[in-house]
Amino acid sequence: MLAESNADGPIISCSSCKACCCRLEVMLMGDDDIPPELTEQDRWGGWVMARLDDGWCAALDRDTMLCTIYERRPMICSDYQVGDSDCIGERLLLTPAGMGSVGVAS
């Protein structure tokens with residue numbers, strides 16, 4: 001299984017991931033406190049995190065690949081589990097290194 005720790009492979013943590021999940025659509029929930037300039041309405045009338053023309057989340061710092069609103073990020077982002085099947089799947093789609101062995105930081 002790709003999510004198990006492996007001494008031969010890279011360790012996944014949010015600080016070393018290169019923000020693969022930041023290309024996913026993030027629906028906002030009622031308690032989310034996101035700066036309005038980082039949000040947009042989707043075609044169904046719901047509110048989501050805005051994405052820039054490059055497809056990455058508007059809150060992502062393009063130089064560091066870290067979230068600029070990490071402490072007040074949406075609930076969906078804070079609930080996203082590093083190293084789970086969704087995380088590994090996004091890494092496989094977006095990074096050549098994602099195809100190698102993967103360990104998860106505890």
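The largest nonpolar core of this predicted model comprises 14 residues, where a nonpolar core is a set of buried Ala, Val, Leu, Ile, Met, Phe, Trp, Tyr and Cys residues joined through side-chain atoms within 4.5 Å. The residues with the most contacts inside this core are I34, L38, M49, C57, A59, L60 and I69. Burial is expressed as relative accessible area: buried means under 20%, exposed over 50%, and partly exposed in between (1.4 Å probe, protein chains only). In soluble globular proteins, nonpolar side chains tend to be buried together.

The model is predicted, so that local features need pLDDT of at least 70 and side-chain atom pairs count only at pLDDT 80 or more, while totals for chains, interfaces and linings use all residues. Residues are numbered from 1 along each chain as its sequence is written, and side-chain values use heavy atoms, with hydrogens and water left out.

Three members of the core illustrate how separate segments meet. I34 lies in the loop between β1 and β2 and is buried, at a relative accessible area of 11%. Not counting residues up to four places away in sequence, I34 touches L28, T39, M49, I69, R72, R73 and P74, contact being defined as heavy atoms within 4.5 Å. The C-alpha atoms of I34 and R73 are separated by 7.0 Å, although the two residues are 39 residues apart along the chain. I69 is placed in the loop between β5 and α1 and is likewise buried, with a relative accessible area of 10%. With neighbours within four places in sequence left aside, the contacts of I69 are I34, P35, L38, M49 and A59. Between I69 and L38 the C-alpha distance is 9.9 Å, for a sequence separation of 31 residues. A59, counted in the same manner, touches L38, M49, L66, C67, T68 and I69.

The secondary structure of the chain consists of two helices and six strands, taken as DSSP runs numbered from the N terminus (helices, H or I, at least four residues; strands, E, at least two). Along the sequence these elements follow the pattern β-β-β-β-β-α-α-β. Of the 106 residues of the chain, 35% count as buried. Among contacts with a separation of 6 or more, 56% are between residues 24 or more positions apart. The chain exposes about 6,900 Å², of which carbon and sulfur atoms supply 54%; accessible areas come from the Shrake-Rupley method with a 1.4 Å probe, and for residues only the protein chains shown count as cover.

Helix α2 spans residues 85-94, and within this helix C87, I88, E90 and R91 are buried. These four residues lie on the same side of α2, because they cover an arc of only 160° around the axis, the arc being that of the directions from the helix axis to the C-beta atoms. The face turned away from the buried side carries the exposed residues S85 and L93. D86 also belongs to α2 and counts as partly exposed, at 48% relative accessibility. The C-alpha atoms of D86 and C21 are 8.6 Å apart, with their positions 65 residues apart along the chain.

Two salt bridges are present in the structure, each defined as a side-chain nitrogen of Lys or Arg within 4 Å of a carboxyl oxygen of Asp or Glu. Side chains of opposite charge can pair when their charged atoms come close. One salt bridge joins R72 to D33, the closest N and O atoms being 3.4 Å apart. This pair links distant parts of the chain, with R72 in the loop between β5 (66-67) and α1 (75-79) and D33 in the loop between β1 and β2, 39 residues apart. R72 is partly exposed at 38% relative accessibility, and D33 is partly exposed at 49%. The other salt bridge is formed by D54 and R62, with the closest N and O atoms 2.9 Å apart. D54 is partly exposed, with a relative accessible area of 38%, as is R62 at 29%.

On the surface, M27, M29 and M75 form a nonpolar patch with about 260 Å² of accessible area together. Patches are made of residues with over 30% relative accessible area and no salt bridge, nonpolar side chains (Val, Leu, Ile, Met, Phe, Trp, Tyr) being joined within 5 Å and like charges within 9 Å. M27 is located in the loop between β1 (11-12) and β2 (39-41) and is partly exposed, at 44%. M65, in the loop between β4 (60-61) and β5, is buried with a relative accessible area of 18%. Phi of M65 is near 60°, a positive value in a residue other than glycine.
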